[in-house]
Amino acid sequence: MNESYPSEQAIGIEYYVSETAGVGGILRAQPDDFVVTEIEKFDTEPAGADAGAYPYLIIRAQLYNRETNEFVQALSSRLGISRKRIDWAGTKDKRAVSTQLFSIKGIDPEAITEVELGRSVEIDIVGRAGRALEFGDLAGNQFTITVSDPERPENAKEITDELETFGDGTVGVPNYFGQQRFGSMRPITHEVGLSILREDWEDAVRTYVAEPAETEPEKTQQIRQTAGSHLAASELQQALDVLPNRLDYERTLVHALIEGKSHKEAIETLPWNLQRLFVHAVQSYIFNRILSRRLEEGISFVEPVPGDVVCFADRSAPEGVVIPDTDRTQTVSEARVETVSRHCKRQRAFITAPLVGTETDLGSGKIGEIERDVLEALDIDTRSFALPDDWASEGTRRAIFLPVEPEITQDPLQFSFALPKGSYATVVMREYLKTPPVELG
């Protein structure tokens with residue numbers, strides 16, 4: 001196996017599973033080179049339904065080069081409402097053309113049609129619902145991705161063949177959490193999360209504000225180092241003065257400290273989905289490291305071994321999308337290996353690894369040994385996730401193999417495929433491009 005780039009290794013992604021040289025090139029040279037559309041799975045009533053019984057207006061927004069949080073902030077400001085009244089099923093990246101659903105509490109359709117958000121946004125009224133959208137209220141995403149300036153576009157077919165060998169007849173990749181989970185330019189959310197697990201809130205603030213990354217511009221690295229020196233000396237106003245407006249969340253944290261809030265309270269001033277991401281990023285980092293260890297040990301991702309925990313396919317998934325149902329799991333015994341293997345071959349079952357939390361039951365045998373080794377190396381166990389307030393996590397499981405059926409065209413080199421919710425297109429594309437993560441966007 002080929003080793004990955006250092007910035008990928010920093011988030012637990014150690015290897016490529018294909019050997020052929022990548023096609024090269026870059027993603028997202030233009031926003032419309034990366035088109036993502038939600039595969040919806042949310043029932044609505046007509047827009048004219050009783051607002052008392054169905055208080056949530058559901059809209060579909062196409063965003064051009066606008067990040068989800070940025071759009072929500074602008075929309076709530078134009079509507080004159082709290083951003084807490086707006087919810088969505090999945091966060092999308094900025095440099096893309098993304099189409100997704102949003103729910104807005106207590107708003108009439110007329111208010112949406114009158115709002116002005118510029119040419120970068122197109123909004124359609126979908127209907128009404130009795131509840132808000134929740135994170136994960138989608139089946140998956142459909143991607144159309146164009147690669148700019150590829151060096152070896154002809155290698156795409158050979159890479160696909162190798163990914164089919166890895167999947168024992170099914171094209172697929174390890175279901176890693178991608179760079180975006182940890183921060184595309186500065187992958188430190190898991191480091192902040194590790195500080196939160198230790199309830200070292202001061203270090204959590206310091207890491208988020210002042211920990212530089214080599215992938216950032218040199219000037220930004222210097223700004224963080226200077227701000228960190230002021231934080232260490234309790235020179236809060238000087239730290240705030242150093243931070244430019246574009247580092248708005250960093251400024252939010254320091255401003256909260258100036259107002260007399262504790263470090264924990266400062267973290268709690270960040271958007272709720274960003275707060276939640278910190279501990280989730282630790283779980284994702286552990287998951288990535290478990291997958292990399294499995295690759296090192298040469299254990300199949302599609303043929304279960306004794307001690308594996310498998311989940312079964314979601315029977316209610318829309319046609320054309322295979323969704324693992326991690327609420328239906330089974331530990332694979334020696335006697336059941338052959339039977340479960342047949343289910344995995346037909347994509348009726350999927351091998352999983354834990355997103356560790358307080359209720360996690362680790363695997364047994366060699367699989368359990370790998371999981372425990374990863375946790376011990378981080379000085380973490382399941383009890384570490386018994387945190388105060390909303391930071392605690394019971395944990396869940398996640399499929400380790402990501403099947404994909406890419407349609408690939410040349411001139412321009414373009415990939416089209418659907419993925420289940422929670423999976424990352426860049427995890428697929430990294431196998432094809434094999435370029436530094438920053439070029440994957």
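User: By class, which residues does the lining of the second largest cavity have?
Analyst: In this predicted model, where local features need pLDDT of at least 70, side-chain atom pairs count only at pLDDT 80 or more and totals use all residues, that lining has six nonpolar, one polar and two charged residues. Ala, Val, Leu, Ile, Met, Phe, Trp, Tyr, Cys and Pro count as nonpolar, Asp, Glu, Lys and Arg as charged, and the others, Gly among them, as polar. Residues are numbered from 1 along each chain as its sequence is written, and side-chain values use heavy atoms, with hydrogens and water left out.

User: Which residues line the second largest cavity?
Analyst: Ile 290, Leu 291, Arg 294, Thr 352, Ala 353, Ile 367, Ile 370, Glu 371 and Ile 400 do. H11, E13 and helix H13 (365–377) are the elements that give two or more residues to this lining, helices (H or I, at least four residues) and strands (E, at least two) being DSSP runs numbered from the N terminus. A cavity is a set of points, on a 1 Å grid over the protein atoms alone, where a 1.4 Å probe fits but cannot get out, and lining residues have an atom within 4 Å of a point.

User: How many cavities of 30 Å³ or more are there?
Analyst: The count comes to two, with about 130 Å³ of space in the largest cavity and about 60 Å³ in the second largest; such a volume is the space filled by probe spheres set on the points, which are joined across faces, edges and corners.

User: And what lies nearest the centre of the largest cavity?
Analyst: Of its 13 lining residues, Val 302, Cys 344, Lys 345, Gln 347 and Phe 401 lie nearest the centre. H12 and strand E13 (349–355) each give two or more residues to this lining, and E13 gives the most, with three.

User: Switching to Ser 341, is that one buried or exposed?
Analyst: Ser 341, found in helix H12 (residues 337–345), counts as buried because its relative accessibility is 9%, where buried means under 20% relative accessible area, exposed over 50% and partly exposed in between, with a 1.4 Å probe and protein chains only.

User: What about the largest nonpolar core, how many residues has it?
Analyst: The largest core has 96 residues, and Ile 196, Phe 278, Ile 286 and Phe 417 have the most contacts inside it. Helix H11 (residues 272–296) supplies the largest share of this core, 12 residues. Such a core is a set of buried Ala, Val, Leu, Ile, Met, Phe, Trp, Tyr and Cys residues joined through side-chain atoms within 4.5 Å.

User: Which residues are in a second core?
Analyst: A second, separate core of 19 residues includes Ile 86, Phe 102, Ile 107 and Ile 112.

Key
On a 1 Å grid over the protein atoms alone, a cavity is a set of points where a 1.4 Å probe fits but cannot get out, and a pocket is an open set with protein on both sides within 12 Å along at least five of seven lines; lining residues have an atom within 4 Å of a point.
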